[in-house]
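Q: Hi! Could you walk me through a few spots in this structure?

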Amino acid sequence: MSKVALVTGGQKGIGLGIAEALAGAGYFVALASRSKPDAAEVGEALERLGGNAVYFSHDLQDVEGHAGLLDRVEERFGPVTTLVSNAGVPAKVRGDMLDLQLDSFDFVLGVNLRGAFFLAQEAARRMLKLRQDTYRSITFVTSVSATMVSIERAEYCISKAGAAMMAELFAVRLAPHGIGVFEIRPGIIETGMTAGVKDKYTARIEGGLVPAARWGQPADIGSIILPIAEGHMAFATGSSIAVDGGLSIPRL
């Protein structure tokens, strides 16, 4: 059976770093996000990934469309053996959590939590039908914000904390069937999403915020995905892996 990976939000940033690692290891890679198929970032991503990658336009908020997305991937490559639930959105506006608006809360949780849960649910149902000798995995890309408080983006932190529990729930449910489920918590990663706060965080990194003394890169996340997808960490199912240069280690 072919190794087929679906990476949500795989057309840029962390998702692209993950997709590159999988494509380089011989996976057929399906990218999915709400970007238009003719968007420049999509074309650039496919060029970098080569002929074994295809892009599918899909909004995670469209829960009813999740089955159709997986159908399209299966028609092109075969059943998904690796799901990387990476797509996510930030707070619409950073600010005092006492001023947080309902539309931003619903939007962030609608993508990062509700949409991610029901896509993983549909993928898991299909993985259960595959042969047991085929290693299957689901990885949720959350954030150090799952446990580290940022009061100016409360909805984002809440969504990632919920996603951390989501990973544990799926891990327990699927472990008897040999399906590994993991959570990766990136720290401060240099992507388009963090471009607006680059100067702020560069100064803080130089001031000692990150013990590794550098920005994280999408490739740092990609390097963690491969041993997960290949089954080298199978008995560690349910694990949460911080990829943050030591940022989240408590210090005095």
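A: Happy to; what follows is a short chat about a strand, a helix residue and a surface patch in this predicted model.

Q: Let's start with strand E7. Which side chains are buried there, and which are not?
A: Strand E7 covers residues 240–243, and its side chains alternate. Ile 241 and Val 243 point to one face and are buried, while Ser 240 and Ala 242 point to the other and are not.

Q: And how do E6 and E7 pair, in the parallel or antiparallel sense?
A: In the parallel sense, over four bridges, with E6 running through residues 179–186.

Q: What is the bridge partner of Pro 186 in E7?
A: That's Val 243, one of the buried residues on E7.

Q: Changing topic: where is Asn 112, and is it buried or exposed?
A: Asn 112 sits in helix H4, residues 102–127. Its relative accessible area is 3%, so Asn 112 counts as buried, the cut-off being under 20%.

Q: What polar contact does the Asn 112 side chain make?
A: It meets the side chain of Ser 159 at 3.1 Å.

Q: Which other residues does Asn 112 contact?
A: Beyond its neighbours within four places in sequence, the contacts include Ala 87, Gly 88, Val 89, Tyr 156 and Met 166.

Q: Now the surface. Which residues make the nonpolar patch?
A: Met 97, Leu 98, Val 149 and Ile 151 make a patch of about 480 Å².

Q: Where is Ile 151, and why does it count as exposed?
A: Ile 151 is in the loop between strand E5 and helix H5. Ile 151 counts as exposed because its relative accessibility is 54%, and exposed means over 50%.

Key
Residues numbered from 1 in each chain as written. Predicted model: local features only at pLDDT ≥ 70, side-chain atom pairs only at ≥ 80, totals over all residues. Heavy atoms only, no water. Buried < 20%, exposed > 50% of the residue type's maximum accessible area, 1.4 Å probe, protein only. Helix = DSSP H or I, 4+ residues; strand = E, 2+ residues; numbered from the N terminus. Pairing = 2+ DSSP bridges. Polar contact = N/O pair within 3.5 Å; in protein donor to acceptor, adjacent residues only side chain to side chain. Contact = heavy atoms within 4.5 Å. Patch = residues over 30% accessible without salt bridge, like charges linked within 9 Å, V, L, I, M, F, W, Y side chains within 5 Å. Areas by Shrake-Rupley, 256 points an atom, 1.4 Å probe, with all protein chains shown as cover. Salt bridge = Lys/Arg side-chain N within 4 Å of Asp/Glu carboxyl O.
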